[in-house]
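Colleague: I am new to this structure and would love a close look at one part of it, the place where the chains meet. Could you walk me through that region and the strands around it?

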Protein chains: 2
Amino acid sequence: MKLVCSQSDLKTNLSLVSRAVPSRPTHPVLGNVLFQTNAETQRITLTAFDLSLGLQTSFPAQVSDNHTFTLPAKLLSDIVSRLPEGEITLLGMEEEEEDNDSFSATLISASGRFRLRGMNADEYPNLPEINTEEALQVPVEALIDGLSSTLFAASTEEAKQVLTGVHLTRKEDSLEFAATDGHRLAVLETTQEGIEGASEGFAVTIPARALRELERMIKTQKEDAVVTMNCDEVQVAFELDSQRLTTRKLEGNYPAYNQLLPNQFSRQLSLERKRLLNSLELVAVLADQQNNVVKFSIDSENQQLSLSVDAKEVGSAQESISAEVTGDSIDIAFNVKYLMDGLKAFKGNEIQMQLNEASQPIIFTPLGGLKMTYLVMPVQLRD
Amino acid sequence: MKLVCSQSDLKTNLSLVSRAVPSRPTHPVLGNVLFQTNAETQRITLTAFDLSLGLQTSFPAQVSDNHTFTLPAKLLSDIVSRLPEGEITLLGMEEEEEDNDSFSATLISASGRFRLRGMNADEYPNLPEINTEEALQVPVEALIDGLSSTLFAASTEEAKQVLTGVHLTRKEDSLEFAATDGHRLAVLETTQEGIEGASEGFAVTIPARALRELERMIKTQKEDAVVTMNCDEVQVAFELDSQRLTTRKLEGNYPAYNQLLPNQFSRQLSLERKRLLNSLELVAVLADQQNNVVKFSIDSENQQLSLSVDAKEVGSAQESISAEVTGDSIDIAFNVKYLMDGLKAFKGNEIQMQLNEASQPIIFTPLGGLKMTYLVMPVQLRD
């Protein structure tokens, strides 16, 4: 076996698939990357798979035959990333030993050579085949909007399995992304054209971890490139050019989150998002010392929002922001971290806050731009 | 008490002294920064002190009276660093409570106010007064050269107290810096003019931790600024403009390291430092898996240096570099990390390696530039 490729291609593609290599593999071969060489297409396909998340990519190379083998992912990445730019030659041979799993490759660069012990590919599990029921086409820009507006709100508690994902729902001309951990909810409906396939009402919940890798994978792509998503009963696959990501779906009924969004509000504020975020970051220094609670005092008369934190022994903080307020004055309290997470995910600067009473949720929406809704449950104010 | 200063002055100076605030203070007041306001000079002095390392700095402010008080270092830094640029007002008052240690300050910015509970300054320990025996003047550039060429080689093992520092010796027209952990030794003799004071032979060992802070403190200063160093039996102080660093000296006899440096060598190589460093970083990936040992094969006939690592089960690595070799061929082995540390500290690209036999130390020196010597003990080659 002999292949010749560029250091930069090998480095980029190894770095991409390595994200699916488990740091503590349950089986040694999963700590390796699978190489598949194709003499006909003159390409190499790399695969990594932790039995839940799978990543696959391919790139051009001079390939002598069709071969499959595996090499240790971390060692190989560490070496290739330190090699100078230029051609790399990889020579492989089955080792003549009792241990038939044995395979070793020699990597040759301009100044040196590295022999690495790999493993035969026989034991490497296949990435799931998806028997497509519904194929969906999503432009990269829409997918990035959806993921960056919701991923942060997914639960990190493994006990709430279905909440550790983002829920995607096919609407008439769009795709709706939603994530909630029970304390806050983020929803985004795409506004881009070009979403095609899958019938209205089609829905799937996908693990946040896999979607974070998807976000990383597509964010260097052109905005108008189109990602294809295929699902079956158990698995989902995303494909873009030569890159492919597979993951298990999350099972269980996703909460009917639309019922949580109030239909009408008795109070409304318009204000600058960055100003609010800066003030929250300031008072959070003290809120950190005391349950993370920040009190909003909405002052209708002075058209002002005051944020305050009382960290007892340590001290207290107060910030004031001018706002367009409609409705009566009210005090309401929140976990400051939930507010900051959401406000960071918005893009424009003008936002609207809508609420009813101090025990009911608050809704943040941007003025113009994304169709994003962020709901946060209040906490009880102590006297 | 009232003072007014700029956010950027307060932020910069807090960040500087905060390095001496212990993360787990043995006494609560040491988690605070000491403020001393001076109405006459219209300046504020900030001090932090962990009973070993002390940092002090001052900056201009509008000051109403002379006051001393302390405020929690981390909280205050977190708040001030997040405030917008502009004026900050600090109002202080002794709190009327049973607890007489109590002091609180209100920090007022354009958009908000923060009340922070501090402590009276009475309990704050004084920075040591140095009764100067020998004052030494060292230009910043010379000090930076000395520290960056030696600090990395100091021991991190607390058991070898005196080796956890850098040893400074006054020579006729220069200052010599040396650090060793018993496996390698780095020595730099300054080449700059302008070193004055202290008599020839004067020597002191200073904790590496304090010198790392000194390095950080002076590296933004002009190269020709001059640092004053004062010592007494127990303490050392460094001063530059309004900044002052104090630390305990390290006790014990520093090893007579000059005796370790061979007078003559039977073998010598000239080669490119960056090339050697790159190759070491590459083979280190495998050496990491196997005791960090790299073998140097010096090949006089082919005028070449080969580096090799045999990581048994995992694999092996070999890199070759052309070099000007004098003397016979030889194999000799080292800890790859010691070599990389030293080679990173050199500045120019051409270096010289000098050695005798495989059981004797190797010496690295730059060709031109700094008067730096780096000695590394070899490890025994296994067959």
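To begin with the strands, how many bridges join E6(A) to E9(A), and in which sense do they run?

Modeller: Happy to help, and please keep in mind that this is a predicted model. E6(A) and E9(A) are joined by 2 bridges, and the two strands run antiparallel. Within that pairing, Thr70(A) is found opposite Met119(A) of E9(A). On top of that, E6(A), which covers residues 67–72, is joined by 6 bridges to strand E2 (residues 32–38) of chain A, again antiparallel. There, Phe35(A) faces Phe69(A) in E6(A).

Now let us go to the interface itself. On chain A, 29 residues are in contact with 29 residues of chain B. Together the two sides bury about 2,400 Å², with carbon and sulfur atoms giving 57% of that area. On the chain A side, the residues that lose the most area to chain B are Ser111(A), Leu282(A) and Val285(A), which together make up 22% of what that side buries.

There are polar links as well. Between chain A and chain B, 10 residue pairs are in polar contact. Four elements of chain A each give two or more residues to the side that touches chain B: helix H2 (73–82), strand E9 (112–120), helix H5 (273–287) and strand E21 (315–322). Sorted by class, that side of chain A holds 11 nonpolar, 8 polar and 10 charged residues. The interface also has 2 salt bridges. One pair in a salt bridge is Arg117(A) with Glu313(B), whose closest N and O atoms are 3.9 Å apart.

Strand E21(A) deserves a closer look. This strand reaches across to the other chain, where 5 bridges join E21(A) to strand E9 (residues 112–120) of chain B, and the two run antiparallel. Two of the residue pairings can be named. Ser316(A) has Arg115(B) as its bridge partner in E9(B), and Gly315(A) is partnered by Leu116(B) in that strand.

Inside its own chain, E21(A) pairs with strand E20 (residues 304–311) in the antiparallel sense over 8 bridges. In this pairing, Val309(A) sits opposite Ala317(A) of E21(A). E20(A) and E21(A) make a hairpin with 3 residues between them, and Lys312(A) in the turn has a positive phi of about 40°.

How do the two chains relate to each other? In general, two copies of a chain are related by a rotation about an axis and a shift along it. Here, chain A is superposed on chain B by a rotation of 180° with 0.0 Å of shift along the axis, at an RMSD of 0.0 Å. That is the relation of a two-fold axis. The residue of chain A that comes closest to this rotation axis is Ser23(A), with its C-alpha at 16 Å. Of the interface residues of chain A, 100% are also interface residues in chain B, so the copies meet through the same surface.

One last stop lies within chain A. Over all chains, the whole structure has 30 salt bridges. Among them is the pair of Lys295(A) and Asp331(A), with the closest N and O atoms 3.7 Å apart. Lys295(A) belongs to strand E19 (residues 293–299) and Asp331(A) to strand E23 (residues 330–335) of chain A, so this pair ties together parts that are 36 residues apart in sequence.

Methods: Residues numbered from 1 in each chain as written. Chains lettered and ligands numbered in written order. Predicted model: local features only at pLDDT ≥ 70, side-chain atom pairs only at ≥ 80, totals over all residues. Heavy atoms only, no water. Contact = heavy atoms within 4.5 Å. Buried area = accessible area lost by both parts, 1.4 Å probe. Salt bridge = Lys/Arg side-chain N within 4 Å of Asp/Glu carboxyl O. Polar contact = N/O pair within 3.5 Å; in protein donor to acceptor, adjacent residues only side chain to side chain. Nonpolar A, V, L, I, M, F, W, Y, C, P; charged D, E, K, R; others polar. Pairing = 2+ DSSP bridges. Least-squares fit on C-alpha atoms with pLDDT ≥ 70 in both.
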